[in-house]
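This report introduces a protein structure to a reader who has not met it before. It proceeds from one helix to the chain as a whole, and then to selected side chains.

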Amino acid sequence: MNQNMKPQFLSLAGDLHAYILTFLSYRDILRCASVCTGLRQTYLSSSELQYIVELGGQQLLPVNLQPGVDDHVPISERLQLLRDKAHAWFKFNTRPVQTVIVPKIFYSDKAFVSNGHVCLCDTESLSGFAKIFPIAPEPPQQAIDREWSSESLSSLPNTQNIDVLMDPEQNLIAAAYDIIGGSGVYIDLLALDGDGVHPQAAGRTLIMSPGLPGRQNMDFEALDSDSDKNWRLESLGRHIALWRHESPRDEPERLLWWLQIWDWQYSTMSNCVLSGTVFDAEQFDGLIDFCFLGSNRLLIVMNDNLKVYSIEDMSQAPELLACFLFPAQVQFIRCFPSKINLNLARTQRTMWTSDPAHRLLSLLTYSSEALFHFVISASIFFQLDLFEGMTTAVPWKHWGPLNSRVFQDNEMFGFGLGGSRVFKAIPSIIERSYSDLVEYRLHMMDFSPLAVKHQQGLGQVVREPSTIDLEGELVTTSLPYVEVVSDTKSSHEPTPIWVDKDRIYVLQSDTASLEVIKV
C-alpha cells in the first residue's frame with residue numbers, strides 16, 4: 001500500500017480518538033497525552049479517559065453495577081466523586097464518629113471488621129463461640145447481628161470445632177470441625193443471616209482429601225486444646241483454604257504442613273493440595289504462612305522464600321510460578337493481606353474496588369533487636385515476565401528494593417492495611433516519670449501512584465530510599481509514598497487497625513472499645 005494511502009490516526013475524528021484510547025492502560029493513556037498536543041486535548045475533554053486514569057492511578061477497578069443500581073450516574077460525576085474521596089483521605093480526621101464497646105466475653109485475638117460488621121470468634125476454649133454485629137451499616141447494606149455456640153457450628157453430633165471464618169461481604173460463615181474419635185475434617189458453609197446452607201455453595205459441607213491427616217489419625221506432638229492453633233481457615237472470594245501444621249511425636253524436629261483449597265461455589269471436593277516439611281521445628285515460630293493474591297494466585301512464605309503459585313486450575317495441585325528471595329533469614333514472619341471484595345459489592349452502590357494485582361501486603365519480621373514491617377506491592381508477583389529466564393529463585397536485589405518499603409516498630413500492633421494505604425499508630429513519650437505517659441498519633445501512608453504524583457501539598461512525599469540493619473545485612477527499600485499525620489492524639493494504646501471502605505477501625509485494648517473513624 002502506498003504510504004500516502006495509509007489512514008492517519010490523527011486525522012480521525014476526536015470522538016474516535018477518545019474511543020480508541022479507552023482500550024489502553026492508564027499509563028499508556030498518559031504517555032499518549034504527554035507526547036501529542038492533540039491527544040492531550042482529547043484526554044482533557046474526555047471524562048471517561050480521566051476516569052480510567054484516576055482508577056488506575058489509585059489502583060482501583062471499576063464495578064459493573066447491576067441495572068437500576070446507580071447505573072445512571074454520569075462518568076463525570078463518578079470522576080469527581082473518586083477525586084473527592086482520594087482528597088478526603090489526605091485530610092482525614094481521626095476523631096471517632098462512633099465508639100463501640102466489645103463485651104469482654106467476646107474479646108479474642110481472632111477479631112476483625114468487614115463490610116461494616118465486627119466479627120469475633122474463639123474456638124480454643126471449651127465454650128467456643130462466633131459472633132457478628134453491625135457498626136452503623138449504611139443503606140442498603142444488610143445488618144447482621146447473630147451469635148453461635150460451639151454446638152451450633154457443626155451439622156453432626158459429637159464434634160470438636162477447629163476454626164471459624166466469617167465473610168460478611170459474601171454473607172458466609174464457614175466452620176471447620178472433626179468428629180471426636182473419627183478421622184477427617186469437615187467444613188460447613190452456612191449463611192450469616194440464616195440457619196441454612198449458603199445459597200451459592202456447591203453443597204453444605206466441604207470434604208478434606210483422603211490423603212490429608214485429621215486430628216485423630218496421626219500421632220502428633222500437640223493433641224491438647226492448644227493444637228487448634230495449628231489449624232486455620234482463610235478465604236478470599238470463591239476460595240476457601242484449610243491450613244494445618246504439626247510435629248509428629250517420634251520426630252519433633254520435623255514440622256509437617258498441609259494446605260487444601262476449595263472453590264466453594266463450584267464443588268465440595270478438591271484436588272488443590274500442597275504439603276511440605278520444615279526441619280528444625282524447635283525453632284518454628286511462624287516461619288511459614290500463606291495468603292491469597294487475588295482470585296488465581298497464592299503466596300506461601302517460608303523462611304526466606306516467597307513462593308508464588310497459580311490456583312487457576314482447581315483440579316490439580318497449585319502450580320509453582322516463581323520463587324522470590326527475602327533479604328535475610330528471619331525468626332518470625334506473618335502475611336497480612338489487605339482485604340478486598342472480589343464480588344465487587346454490586347448491590348451496595350460500590351462503583352470501584354481495590355485491584356488485587358496492585359494491593360499491598362505486609363510481611364512482619366523481627367531481628368534480635370527490632371521488629372520490622374515490610375510493605376510490599378503485590379504487583380511484582382503479577383509481572384513474572386520480568387524474570388523470564390531465571391531458573392532459580394529471584395534475588396532480593398532484582399525485585400525487592402523498588403517494590404517495597406520497610407518500617408521499624410517497637411510492637412506488632414497499631415498497624416493496618418487498606419487498598420493502597422498503610423496505617424500506623426506511632427507513640428511519643430510526653431512525660432518521663434515512674435510510668436511514662438505515652439500519646440499516639442495515627443499516620444497514613446498512601447502508596448498509589450497518583451497520590452505520590454498529585455498530593456497537592458497535602459502530606460509529605462517520601463521518595464528517598466531508607467536502609468535498615470537486618471541481622472547484620474543492610475537492606476534498602478524505596479517504594480515511594482505520601483505520609484499524612486493526624487492532628488488528633490490518643491493516650492490509649494491501639495492494637496489492631498482495620499480499614500473497611502471509607503472507615504478506619506481502631507481497637508483500644510485497655511478499654512475494650514472500638515473507635516470508628518469515617519473519612
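## The two sides of helix α2

In this predicted model, S34 and V35 are exposed on one side of helix α2. The helix spans residues 26-35, and its buried residues are Y26, I29 and A33. Viewed down the axis of α2, these buried residues fall within an arc of 55 degrees, so they line one face of the helix. An α-helix has 3.6 residues a turn, so residues three or four places apart point the same way.

The cover over the buried residues of α2 includes four other helices: α1, α3 (37-44), α4 (47-57) and α7 (449-453).

Helix α2 also holds a salt bridge between D28 and R31, whose closest N and O atoms are 2.6 Å apart. Because D28 and R31 are three residues apart in α2, about one helical turn separates them. D28 counts as partly exposed because its relative accessibility is 29%, which lies between the limits of 20% for buried and 50% for exposed.

## The protein as a whole

The protein has seven helices and 33 strands. Of its 519 residues, 53% count as buried. Among contacts with a separation of 6 or more, 58% are made by residues 24 or more positions apart.

The protein exposes about 24,300 Å², and carbon and sulfur atoms supply 50% of this area.

## A nonpolar surface patch

F9, L10, L12, L16, Y19, I20 and F23 make a nonpolar surface patch of about 680 Å². One of these residues, L12, is placed in the segment before α1 (14-21). L12 has a relative accessible area of 33% and is therefore partly exposed.

## Salt bridges across the chain

Side chains of opposite charge can pair when their charged atoms come close. A search of the whole structure finds 11 salt bridges. One of them joins the side chains of R146 and D195, at 2.5 Å from N to O. This pair links distant parts of the chain, 49 residues apart: R146 belongs to strand β6, while D195 is in the loop between β9 (186-191) and β10 (205-207). D195 has a relative accessibility of 66% and so counts as exposed.

R204 and D188 form another salt bridge, with their closest N and O atoms 3.8 Å apart. Here too the pair links distant parts of the chain, with R204 in the loop between β9 and β10 and D188 in strand β9, 16 residues apart. R204 is partly exposed, with a relative accessible area of 32%, whereas D188 counts as buried at 1% relative accessibility. In addition, a network of salt bridges links K131, D145 and E147.

## Two asparagines with positive phi

Most residues other than glycine have a negative phi. N158 has a positive phi, near 55 degrees, and is not a glycine. N158 lies in the loop between β6 (146-149) and β7 (159-167). With a relative accessibility of 52%, N158 counts as exposed.

N171 likewise has a positive phi, of about 55 degrees, without being a glycine. The loop between β7 and β8 (172-179) contains N171. At 17% relative accessibility N171 counts as buried, because buried means under 20% relative accessible area.

How values were computed: Residues numbered from 1 in each chain as written. Predicted model: local features only at pLDDT ≥ 70, side-chain atom pairs only at ≥ 80, totals over all residues. Heavy atoms only, no water. Patch = residues over 30% accessible without salt bridge, like charges linked within 9 Å, V, L, I, M, F, W, Y side chains within 5 Å. Areas by Shrake-Rupley, 256 points an atom, 1.4 Å probe, with all protein chains shown as cover. Salt bridge = Lys/Arg side-chain N within 4 Å of Asp/Glu carboxyl O. Buried < 20%, exposed > 50% of the residue type's maximum accessible area, 1.4 Å probe, protein only. Arc of directions from axis to C-beta. Contact = heavy atoms within 4.5 Å.
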